[in-house]
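Here's a quick tour of the pockets and one helix pairing in this protein. Have a look at the structure first, then read on.

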Amino acid sequence: MLIAVIGASGFVGSNLIRYYINNHHQVIPINRLKTSDETEIVVSFRDITDISRTLKHFKPDLVINAAGYKDVVGCHNSPIQALYSNVEIPALLAIVCRD
């Protein structure tokens, strides 16, 4: 199975990747920032068309969204950013995956 993990460099995403690779699945790690992983795909999480283009290109069987804005104080101080990152982007991602 080909699995795309969005937010691949975070705690949840990196552990999911390790789990799926150990269970013989192909994984597409997707991040918003470049890390040392040469296999990752870097996309703008603020641009749903960038994510959509990437998913349409690779055609994964499963998409896991492990990305999110989890800084509690930051969410309190920037509620618009928190809403966009934790509600709007996942909703748009669900639409992209449905199509």
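## The largest pocket

Keep in mind that this is a predicted model. Its largest pocket holds about 680 Å³ of space. There are 27 residues lining that pocket, and the closest to its centre are Arg-32, Phe-45, Ala-67, Gly-68 and Tyr-69.

Which elements give two or more residues to this lining? They are α1 (11-22) and α4, and α4 gives the most, with five residues. By class, the lining of the largest pocket is a mix: twelve nonpolar, eleven polar and four charged residues.

## The second largest pocket

Next comes a pocket with a volume of about 150 Å³. Its lining includes Leu-55, Lys-56, Lys-59 and Pro-60, along with Asp-61, Leu-62 and Val-63. Val-96, Cys-97 and Asp-99 line this pocket too.

Helix α2, strand β4 (62-65) and helix α4 each chip in at least two lining residues. Here the split is six nonpolar and four charged, with no polar residues.

## Where α2 packs on α4

Helices α2 (residues 48-58) and α4 (residues 79-98) pack at an angle of about 35°, and their axes are 10 Å apart. The crossing of the two is right-handed.

On the α2 side, the contact is made by Ile-48, Ile-51, Ser-52 and Leu-55. They meet Ile-89, Leu-92, Leu-93, Val-96 and Cys-97 of α4. That gives eight nonpolar residues, one polar and no charged ones in the contact. Some names here may ring a bell: Leu-55, Val-96 and Cys-97 take part in this contact and also line the second largest pocket.

Notes. Residues are numbered from 1 along each chain as its sequence is written. This is a predicted model: local features need pLDDT of at least 70, side-chain atom pairs count only at pLDDT 80 or more; totals for chains, interfaces and linings use all residues. Side-chain values use heavy atoms; hydrogens and water are left out. Axes are lines fitted to C-alpha atoms, for helices over the stretch in contact, and angles run from 0 to 180 degrees between N-to-C directions. Helices (H or I, at least four residues) and strands (E, at least two) are DSSP runs, numbered from the N terminus. A crossing is left-handed if the near helix is turned anticlockwise from the far one by less than a right angle, and right-handed if clockwise. Contact means heavy atoms within 4.5 Å. Ala, Val, Leu, Ile, Met, Phe, Trp, Tyr, Cys and Pro count as nonpolar, Asp, Glu, Lys and Arg as charged, and the others, Gly among them, as polar. On a 1 Å grid over the protein atoms alone, a cavity is a set of points where a 1.4 Å probe fits but cannot get out, and a pocket is an open set with protein on both sides within 12 Å along at least five of seven lines; lining residues have an atom within 4 Å of a point. Grid points are joined across faces, edges and corners, and a volume is the space filled by probe spheres set on the points.
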